[in-house]
Amino acid sequence: MGSIACDLGVAARVIQNNKILLVKEGRGRYQNHWSLPKGSVGSGESPESAVLRELEEETGAQGRILGLTAVRSTISNHLTAVFLCYDVQIDSQGESMPCDEILESKWIGLSELKNLNWVSDTMHNLAIDGLSGSRLSIHSTRPLSKSDKSYHVYSINRQSKYVA
């Protein structure tokens, strides 16, 4: 199997007490727009590690992944772009690190979502789905290892006659 260049991004969907944790962008073309805590996966970094890193960098929160909730793929500037969204449970809330990337983080309820300027329709829809009772994510089988490399497998197979 050959490899391809890919822009790989991740986001953390964190819901607590019927509110979702959002961040307001501090710079770039989406300055003053809201999104889930998000970012790019670094070289040699797993998407799972990246989403937890981005959550902590942007909000100060540390958490654990509950499951994979969405995959978006597209072609952007002739480059494959894949975005993975994970449902994340917060384990501890620290102070967010000062940076110019994020202006603020805030817990927001369902009725407030429509009044926000969003980074993308995808982010808006993921927030609505998470707060409207449509929340669904698939869980990773335990981390597996093969040849000294660990990896996660997310799968769902409702067509199999072996699944109850």
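Me: Which residues is Ile20 in contact with, leaving aside its neighbours within four places in sequence?

Reply: Beyond those neighbours, Ile20 touches Arg13, Val14, Ile15, Leu36, Lys106, Trp107, Ile108, Leu113, Ala127 and Leu131. Contact here means heavy atoms within 4.5 Å. Keep in mind that this is a predicted model: local features need pLDDT of at least 70, side-chain atom pairs count only at pLDDT 80 or more, and totals for chains, interfaces and linings use all residues. Residues are numbered from 1 along each chain as its sequence is written, while side-chain values use heavy atoms, with hydrogens and water left out.

Me: What is the pattern of helices and strands along the sequence?

Reply: Reading along, you get β-β-β-β-β-α-β-β-β-α-β-β, that is, two helices and ten strands. These are DSSP runs numbered from the N terminus: H or I of at least four residues for a helix, E of at least two for a strand.

Me: Why is Ala61 called buried or exposed?

Reply: Ala61 sits in strand β6. Buried means under 20% relative accessible area, exposed over 50%, and partly exposed in between, with a 1.4 Å probe and protein chains only. Ala61 has 0% relative accessibility, so it counts as buried. Over the protein's 164 residues, 35% get that label. The C-alpha atoms of Ala61 and Gln89 are separated by 9.7 Å, with their places 28 residues apart along the chain.

Me: What makes Ile20 part of a bigger story, and which residues have the most contacts inside the largest nonpolar core?

Reply: Ile20 is on that list, along with Leu22, Leu36, Cys85, Leu113, Leu116 and Trp118, in a core of 17 residues. Strands β3 (19-25) and β7 (79-93), plus α2, each supply at least two of its residues, and α2 gives the most, with four. Another core, of 15 residues, lies apart from this one and includes Val10, Leu55, Val82 and Leu84. The word "core" is used for buried Ala, Val, Leu, Ile, Met, Phe, Trp, Tyr and Cys residues joined through side-chain atoms within 4.5 Å.

Me: How do you know that the buried residues of α2 are on the same side?

Reply: In α2 (residues 121-131), the buried ones are Met123, His124, Leu126, Ala127, Gly130 and Leu131. They cover an arc of only 165° around the axis, so they are on the same side of α2. That arc is taken from the directions from the helix axis to the C-beta atoms. After α2 comes Gly133, with a positive phi near 90°.

Me: What is the phi of Asn18?

Reply: Asn18 has a positive phi of about 60° although it is not a glycine. Most residues other than glycine have a negative phi. Asn18 is in the loop between β2 (15-16) and β3, and its 67% relative accessibility makes it exposed. Asn32 also has a positive phi, near 70°; it lies in the loop between β3 and β4 and, at 37%, counts as partly exposed.

Me: Why is Glu104 called buried, exposed or partly exposed?

Reply: Its relative accessible area is 34%, so Glu104 is partly exposed. Glu104 belongs to strand β8 (residues 102-109). Glu104 and Lys24 are 80 residues apart in sequence, yet 5.4 Å apart C-alpha to C-alpha. Setting aside neighbours within four places, Glu104 is in contact with Leu22, Val23, Lys24 and Trp34.

Me: Which residues lie nearest the centre of the largest pocket?

Reply: Of its 21 lining residues, those are Asp7, Tyr30, Lys38, Ser40 and Arg72. The lining divides into eight nonpolar, seven polar and six charged residues, and β1 (6-13) gives the most, with four. About 610 Å³ of space lies in this pocket. As for Tyr30, a relative accessible area of 30% makes it partly exposed. A pocket is an open set of points on a 1 Å grid over the protein atoms alone where a 1.4 Å probe fits, with protein on both sides within 12 Å along at least five of seven lines, and lining residues have an atom within 4 Å of a point. Grid points are joined across faces, edges and corners, and the volume is the space filled by probe spheres set on them. Ala, Val, Leu, Ile, Met, Phe, Trp, Tyr, Cys and Pro count as nonpolar, Asp, Glu, Lys and Arg as charged, and the others, Gly among them, as polar.
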